Amino acid sequence: MCGIVGYVGDNYDISVVVEGLKRLEYRGYDSAGLACVNIDNSINSKNEIKYCKSVGKVGNLQQKIFQEYPNLIAADSNFKSNQQLNVIAHTRWATHGEPSTINAHPHLDTSEKFAIVHNGIIENYENLREHLIAQDFTFKSETDSEVIANLISYCYEGDFFAAVASAVKKLQGTYGIAVISTEKPDEIIVASKGSPIAIGLRENDKIIASDVVAIAAYTKQVIYLSDDDIAIVTSNNIEIRNVDNVVIEREKKTLDWDIESVSKGEYAHFMLKEIFEQPQVLANSVRGRYNLDLATANLAGLNLTAQDIVRLNRIVIAACGTSLNAGLLGEYYFEDLAHIPTEVDQAAEFRYRNPIIEVDSLVLAVSQSGETADTLAAVNEAINKGAIVAAICNSVGSTIARRCGRGVYLHAGVEVSVASTKAFTCQSVVMLLMALMFGRCRRLNQQTGQDLIAEIIKIPQLVEEVLAQSDEIHRIAKKYVKCCNFLYIGRGYLYPVALEGALKLKEISYIHAEGYHAAELKHGPIALLCEDTPVMALANKMPGKDKVIGNIQECLARKAPVVVTATKNDADIEKLAVDDVIWLPEASVYTTPIITAVALQLFSYFVALERGCEIDQPRNLAKSVTVE
Ligand code: F6R
């Protein structure tokens, strides 16, 4: 979704922000823009904000800048100062108002003294706007964000910080903002509430961003703002205060990943790279987190004692999209292995349906990005209700991880492809480890624990074996490139995998795909079956396989083409007259869903590839959904 980048320092080149915007492209956006303060030192002249915005890719913005400001790179350019560069930039994912140049950020106030970029949603913008219009402020865009620029201007009485502080006090909703002003051309003011802002630290310049991916190429030292923080950032200083002007210290953090990991390397797409990374990252997720002698998992970040675990009376998993599907798989793990009643909530519903949460309830927020607005709202609700709330996140230092204060990181590395792949399998394996740990405290004997660890350790090798089928899966995928609908069916542990398989196919290939519990077929979806509607049936050797075979027969009887995922050498499947079989290695009930998901990721990838889709950034989608 929207991305913010800013730079203040003595490097005249805007490439830091343009590169930063490009690094945020993976998040999904439809327009981009930047603004800076042009300092004029001549007598009787005044500073001015220059800006440039365009629809489409950052490349379009870059081109427009070069057309409108041809001397941009030169130190005497009229786009920027020859003393210092102070620039804010943005990629916008439209919420209020269509993707257009006018709606793109930055937005300036009526007097053009202030320019802002904003991530998040201002819920009371209509009231504020009406109030400001009554005070003769004018608006150009349809966005909620523009109100912030005019509000700061309205609150300005000669003190830039005080104006931003009193403006944000009036905002309801979420914001990550960066503001520049002609009045203080050497400062960028940033503020955050429910939408992240990080500041990259260098000696003589500072880089701000809503996602550290835009910063990591320049520095590994960052400070994350917490909710209600406002920071005055200059080239050689950062001062953080709260809205009441009290100075606050925030710890410096060191980014522990390399920017190289955010490049495609030899792969055609990030998605393919991330699918192929899974043996490695799954090993990272598991490494150091089990103890064979004690036959249990070590997940110290959960900060739960054995007594806490024994007392747990329920687990509630709140998540969205792919993370929700991983949560559904987690439900099977927790109930089977630890016998803890578990329910999975669409995070957007969690706080509106008044969930029953008690002090011994564990709420797990599962989120790759750690920034998903609905999941964050669920976390806040669960904390307010007094639950134990833990995060399963990939992005280190993300808002959800920080808000929960306890949890387990995936160690999957940055996931760039909008379609989540490695996060799903790592989330699943982390929940499997968690279920082992809880199970050992509550009911599982040592032998069962050790057997489970042996299975978990084998996962990376099993995934390698699935990846070795890539060419064969590509061959099969080519046959289904022209279809318009696809059904995915599974039972038990493979039911969440059917949901995830269908989600993956629809989001990157734009083929309408739905996942169903195989038993549900007869209760409606079977009406869709015909020779143009293929079915992906998950029929690996698992409990319920025989029933899935029955469902496959029902599909074949209705002339639907059927692709099956099956366990190698399964004679029952060899006998079936299905169209295609994706043969997968023998694995346990706990690990089969994980390896089957990998096969379905490859299938979706190859269908999308053959259809010529824009795989890493599918239309309309955003990597990190920071608005509700
Ligand atoms: C699907 C996908 C989305 C995300 C969802 C939640 O491939 O990527 O469905 O899973 O938006 O995102 P996180 O996990 O970051 O909370």
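What follows is a short dialogue on reading helix packing, backbone oddities and aromatic pairs in a predicted model.

Student: Where do I start with two helices that pack together?

Tutor: Two packed helices are described by the angle between their axes and the distance between the axes. Keep in mind that this is a predicted model. Take helix 9 (residues 321-338) and helix 13 (residues 422-442): their axes are 9 Å apart, at an angle of about 20°.

Student: Are helix 9 and helix 13 roughly parallel or roughly antiparallel?

Tutor: Angles under 35 degrees count as roughly parallel, so helix 9 and helix 13 are roughly parallel to each other. Their crossing is right-handed.

Student: Which residues make the contact between helix 9 and helix 13?

Tutor: On helix 9, they include T322, A326, L329, Y333 and L337. On helix 13, F424, M431, L432, F438 and R442 are among them. By class, that contact has 12 nonpolar, 8 polar and 1 charged residues.

Student: What does R442 touch beyond its sequence neighbours?

Tutor: Leaving aside residues up to four places away in sequence, R442 touches I309, V310, L312, A338, H339 and I340. R442 is in helix 13, and with a relative accessible area of 28% it is partly exposed. For a sense of scale, R442 and L85 are 357 residues apart in sequence and 60 Å apart in space, C-alpha to C-alpha.

Student: Which helices pack at an angle of about 160°?

Tutor: Helix 1 (residues 15-23) and helix 2 (residues 58-68) do, with their axes 10 Å apart. That makes helix 1 roughly antiparallel to helix 2. Helix 1 brings V18, L21 and K22 to the contact, and helix 2 brings V58, L61 and Q62. By class, you get 4 nonpolar, 1 polar and 1 charged residues there.

Student: Now helix 16 and helix 19: at what angle do they pack?

Tutor: At about 20°, with their axes 9 Å apart. That makes helix 16 roughly parallel to helix 19, and the crossing of helix 16 and helix 19 is right-handed. Helix 16 residues such as L494, V497, L505 and I508 are among those that meet helix 19, where the partners include P593, A597, L600 and V607. The class count for this contact is 10 nonpolar, 6 polar and 1 charged residues.

Student: OK, on to the backbone. What should I look for?

Tutor: Most residues other than glycine have a negative phi, and most peptide bonds are trans. Then look for the exceptions. Here the peptide bond from H105 to P106 is cis, with omega near 0°. You'll find P106 in the loop between strand 4 (85-92) and strand 5 (107-108).

Student: Which loop holds D228, and what is its phi?

Tutor: D228 sits in the loop between strand 11 (221-224) and strand 12 (229-234). D228 isn't a glycine, yet its phi is positive, about 75°. At 29% relative accessibility, D228 is partly exposed.

Student: And what about H339, which R442 touches?

Tutor: H339 is another non-glycine residue with a positive phi, about 55°. Its place is the loop between helix 9 and strand 19 (342-346). H339 counts as partly exposed, at 48% relative accessibility.

Student: Last topic: how do I read aromatic pairs?

Tutor: A pair of aromatic rings is described by the distance of the centres and the angle of the planes. This structure holds 14 aromatic pairs. In one of them, Y332 and Y493 are 5.1 Å apart centre to centre with 40° between the planes, a tilted pair. Y332 lies in helix 9 and Y493 in the loop between strand 23 (485-490) and helix 16 (494-509), so the pair ties together parts that are 161 residues apart in sequence.

Student: Is Y493 buried or exposed?

Tutor: Buried, with a relative accessible area of 7%. Y332, at 26%, counts as partly exposed. The rings of Y480 and F603 give you another tilted pair, with centres 6.2 Å apart and planes at 55°. Y480 is in the loop between helix 15 (470-478) and strand 23, while F603 is in helix 19 (residues 592-610), 123 residues apart. Both Y480 and F603 are buried.

Student: Which residues form one aromatic cluster?

Tutor: Y332, Y333, Y493 and Y590 do. You've met Y333 already, in the contact of helix 9 with helix 13.

Note on methods:
Residues numbered from 1 in each chain as written. Predicted model: local features only at pLDDT ≥ 70, side-chain atom pairs only at ≥ 80, totals over all residues. Heavy atoms only, no water. Axes fitted to C-alpha atoms, helices over the stretch in contact; angles between N-to-C directions. Helix = DSSP H or I, 4+ residues; strand = E, 2+ residues; numbered from the N terminus. Parallel < 35°, antiparallel > 145°, perpendicular 65-115°, else oblique. Left-handed = near helix turned anticlockwise from the far one by under 90°. Contact = heavy atoms within 4.5 Å. Nonpolar A, V, L, I, M, F, W, Y, C, P; charged D, E, K, R; others polar. Buried < 20%, exposed > 50% of the residue type's maximum accessible area, 1.4 Å probe, protein only. Phe/Tyr/Trp six-rings, centres within 6.5 Å; stacked < 30°, edge-to-face > 60°.
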